[in-house]
Amino acid sequence: MESYRGRFAELYDLFYSDKAYEAEVEFVCWCLGRFSTRSVTSILDVACGTGEHAKYFAHRGLQVTGIDHSQSMVKIARKKCP
């Protein structure tokens with residue numbers, strides 16, 4: 001079952017083009033470094049959408065597994081983060 005109808009997945013990045021993905025990833029990485037008791041090398045991106053956060057996590061050298069209810073969103077995320 002697809003959770004988003006029509007062209008939502010296709011237009012999602014346009015809707016959120018001003019979202020501070022890189023800053024959010026930087027904050028999460030800071031938290032992981034500050035509060036984790038061991039080195040973090042992988043991350044689970046729940047509700048990964050079109051993979052924007054995953055892209056930035058991968059650029060930081062993390063192994064990313066993304067999941068989303070929307071198959072259309074995951075399809076776009078796979079293109080960004082093969």
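Angles between axes count as roughly parallel under 35 degrees, as roughly antiparallel over 145, as roughly perpendicular from 65 to 115, and as oblique in the rest. The legends below describe a predicted model.

**Figure 1. Helices α1 and α4 of the predicted model cross at an oblique angle.** Helix α1 covers residues 8-15, and helix α4 covers residues 71-80. Their axes come within 8 Å and cross at roughly 60 degrees. This angle falls in none of the parallel, antiparallel or perpendicular ranges, and α1 and α4 are therefore oblique to each other. On the α1 side, the contact is made by Phe8, Ala9, Glu10, Tyr12 and Asp13. On the α4 side, Ser72, Met73, Ile76 and Lys80 take part.

**Figure 2. The whole protein chain holds four helices and two strands.** Read from the N terminus, the order of the elements is α-α-β-α-β-α. The C-alpha trace spans about 45 × 25 × 20 Å along its principal axes. Of the 82 residues in the protein chain, 26% are buried. Among contacts with a separation of 6 or more, 57% join residues 24 or more positions apart.

**Figure 3. The surface of the protein chain, with its charges.** The accessible surface comes to about 6,000 Å². Carbon and sulfur atoms hold 54% of this surface. The protein chain carries 11 positive and 10 negative charges. The mean position of the positive charges and that of the negative charges lie 5 Å apart.

**Figure 4. Ala47 sits in the loop between β1 and α3.** Strand β1 spans residues 42-46, and helix α3 spans residues 52-59. The phi angle of Ala47 is near 60 degrees, which is a positive value in a residue other than glycine. Ala47 has a relative accessibility of 59%. Residues over 50% count as exposed, and Ala47 is therefore in that class.

**Figure 5. The buried residues of helix α3 and the elements that cover them.** Glu52, His53, Ala54 and Phe57 are the buried residues of α3. Their cover includes the helices α1, α2 (21-35) and α4. The strands β1 and β2 (63-67) are also part of this cover. An α-helix has 3.6 residues a turn, so residues three or four places apart point the same way.

**Figure 6. Gly61 follows helix α3.** Gly61 comes just after α3 and takes a positive phi of about 90 degrees. Ala47, in the loop between β1 and α3, also has a positive phi, near 60 degrees.

Notes: Residues numbered from 1 in each chain as written. Predicted model: local features only at pLDDT ≥ 70, side-chain atom pairs only at ≥ 80, totals over all residues. Heavy atoms only, no water. Buried < 20%, exposed > 50% of the residue type's maximum accessible area, 1.4 Å probe, protein only. Contact = heavy atoms within 4.5 Å. Areas by Shrake-Rupley, 256 points an atom, 1.4 Å probe, with all protein chains shown as cover. Lys, Arg positive; Asp, Glu negative; His and termini not counted. Charge placed at Lys NZ, Arg CZ, Asp CG, Glu CD. Axes fitted to C-alpha atoms, helices over the stretch in contact; angles between N-to-C directions.
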